Amino acid sequence: MEYLHTMVRVTDLDKSLEFYCDKLGLYLVRRTDYERGRFSLIFLAAPGDKDSAEAEKRPCLELTYNWDPETYTGGRNFGHLAYRVDNIYETCQRLMDMGVTINRPPRDGHMAFVRSPDNISIELLQKGDSLPPQEPWASMENTGEW
């Protein structure tokens, strides 16, 4: 068995690509537009997975964008996506600087949560051992749900 991808439906493709690519740092691996079915499939990969995603088409995050408006509910019911990062504090600060809310700050130097424009919860995990607690993260409260 091999992990291939996780699919999430998005309501605003431009906002979603800005979040996942420009802010979170994922790479666009491929995009296919299906005129007849009126939807687009966009496959993204984390920097550390880019080569395998391009060569083997895995592991990826698949964004499904239906061209006709739909309302999706229950983003939290989905669970979450998880990405390992080199420095949890630097990643969270970079995201905050770009206007992303850190819903669960990395108080423990190991784990944080943010949300996509479609309310999908995304877990950020520190690569290797947890970093020593540091301010302002150590005393920062949760914001909203994660």
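# Charges, rings and turns in a predicted model

Lys50 lies over the face of Tyr27, with 4.4 Å between it and the ring centre. The model in which this arrangement appears is a predicted one, and every value given here is computed from its atoms. A second case of a positive charge placed over a ring involves Arg30, whose charged end sits over the ring of Phe43 at 3.9 Å from the ring's centre.

From charges over rings we can turn to rings beside rings. A pair of aromatic rings is described by the distance of the centres and the angle of the planes. In this model the count comes to three aromatic pairs. One of them is formed by Phe19 and Tyr20, which meet edge-to-face, with 5.1 Å from centre to centre and 80 degrees between the planes. Both partners lie out of reach of the surroundings by the measure of accessibility: Phe19 counts as buried at 5% relative accessibility, and Tyr20 is buried with a relative accessible area of 1%. Another pair has another geometry, for the rings of Tyr89 and Trp137 have their planes at 15 degrees and their centres 6.3 Å apart, so this pair is stacked. The pair of Tyr89 and Trp137 links distant parts of the chain, since Tyr89 belongs to helix α3 (residues 88-97) while Trp137 is in the segment after β7, 48 residues apart. Tyr89 and Trp137 are both buried.

The segment after β7 holds another feature worth finding in the structure. Pro136 is found there, and the peptide bond that leads from Glu135 to Pro136 is cis, with omega near 5 degrees. A cis peptide bond also joins Arg58 and Pro59, where omega is about -15 degrees. Pro59 has its place in the loop between α2 (50-56) and β4 (60-66), and Lys57 lies in the loop between α2 and β4 as well. The backbone at Lys57 also deserves a look, as its phi is near 60 degrees, a positive value in a residue other than glycine.

The next topic is the pairing of charges. Side chains of opposite charge can pair when their charged atoms come close. How many salt bridges does the count come to in this model? The count comes to six salt bridges, and three of them can be followed here, beginning with the one between Lys23 and Glu18, in which the closest N and O atoms are 3.9 Å apart. Lys23 is buried, with a relative accessible area of 16%, whereas its partner Glu18 counts as partly exposed at 37% relative accessibility.

Asp33 and Arg31 form a salt bridge in which the closest N and O atoms are 3.0 Å apart. Here Asp33 is partly exposed, with a relative accessible area of 43%, and Arg31 is partly exposed too, with a relative accessible area of 42%. In the salt bridge between Asp108 and Arg104, the closest N and O atoms are 3.4 Å apart. Asp108 is partly exposed, with a relative accessible area of 31%, but Arg104 counts as buried at 10% relative accessibility.

Against these pairs we can set a charged residue that is left without one. Asp118 lies in the loop between β6 (111-115) and β7 (121-126). Why does Asp118 have no salt bridge? A salt bridge needs a side-chain nitrogen of Lys or Arg within 4 Å of a carboxyl oxygen, and the nearest side chain of opposite charge, that of Lys15, is 8.8 Å away from Asp118, so the buried Asp118 has no such partner. The side chain of Asp118 does, however, make a polar contact with the side chain of Ser16, at 3.2 Å. Leaving aside neighbours within four places in sequence, Asp118 is in contact with Arg9, Val10, Thr11 and Ser16.

The loop between β6 and β7 also contains Asn119. Phi of Asn119 is near 70 degrees, which is a positive value in a residue other than glycine. Asn119 is partly exposed, with a relative accessible area of 40%, whereas Asp118 is buried.

Technical notes: Residues are numbered from 1 along each chain as its sequence is written. Side-chain values use heavy atoms; hydrogens and water are left out. Helices (H or I, at least four residues) and strands (E, at least two) are DSSP runs, numbered from the N terminus. Buried means under 20% relative accessible area, exposed over 50%, partly exposed in between (1.4 Å probe, protein chains only). Lys and Arg count as positive and Asp and Glu as negative; His and the chain ends are not counted. A polar contact is a pair of N or O atoms within 3.5 Å; within protein, one must be able to donate a hydrogen and the other to accept it, and residues adjacent in sequence count only if both atoms are side-chain atoms. Contact means heavy atoms within 4.5 Å. Rings of Phe, Tyr and Trp (its six-membered ring) pair if their centres lie within 6.5 Å; planes under 30 degrees apart count as stacked, over 60 as edge-to-face and the rest as tilted. A charge sits over a ring if NZ of Lys or CZ of Arg is within 6 Å of the ring centre and within 35 degrees of the ring normal.
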